[in-house]
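Reader: Could you take me through one part of this model up close? I'd like to hear about the sheet, strand by strand, with the cut-offs spelled out.

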Amino acid sequence: TMEANDLQGAEVELLVGQALNINTGDLAVDSYTGEVADPEVAEFVAGRNDGSAEFNPGVTGLAAGTTQVTMINDQGGIQPLEFTVVVTEK
C-alpha cells in the first residue's frame, strides 16, 4: 500500500500478479481514473464503494516489463499523478 501523494515520480516494483493498493487519503476512492502506457505489463483497477465497503484504486502487475501509469482525479484542481511500474517475474 502506498499513499497517492507519495507516488508522484516514484518507481514501484511489483511481481507478476501482485497489486499495488493506493490509499487516496481524504479523496473519494472512486475519484481517480488511470491510464497505463503498456496494458500488457500492468492494469489500473478503479476504486469503488459498493455500499458496504470501500475498495482503493490500484495497479496490478500482469507481465514482466516497465510502464508508465498516469492517474487523474476527476474532482479537478489536482495535477495528474505520474509514476513508473516495474514488473518482474516471481
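Author: Strand 2 and strand 10 (residues 81-88) run parallel and pair over 5 bridges; strands here are DSSP runs of E, at least two residues long, numbered from the N terminus, and two of them pair if DSSP finds at least two bridges between them. Within that pairing, Leu15 has Thr88 in strand 10 as its bridge partner. Bear in mind that this is a predicted model, where local features need pLDDT of at least 70, side-chain atom pairs count only at pLDDT 80 or more, and totals for chains, interfaces and linings use all residues. Residues are numbered from 1 along each chain as its sequence is written, and side-chain values use heavy atoms, with hydrogens and water left out.

Moving along, strand 10 is joined to strand 9 by 7 bridges, and these two run antiparallel. Here Val69 is matched with Phe83 in strand 10. Strand 9 (residues 65-73) also pairs with strand 4, antiparallel again, over 5 bridges; one of the matches there puts Gly34 opposite Met71 in strand 9 as bridge partner.

Put it all together and you get an open sheet of 4 strands in the order 2-10-9-4, with mixed pairing. Strand 2 (11-15) and strand 4 (32-36) are its edges, each pairing on one side only. Neighbouring strands are turned by 30° against each other on average, direction ignored; the axes behind that are lines fitted to C-alpha atoms, with angles running from 0 to 180 degrees between N-to-C directions. As for the side chains, in a regular strand they alternate between the two faces of the sheet.
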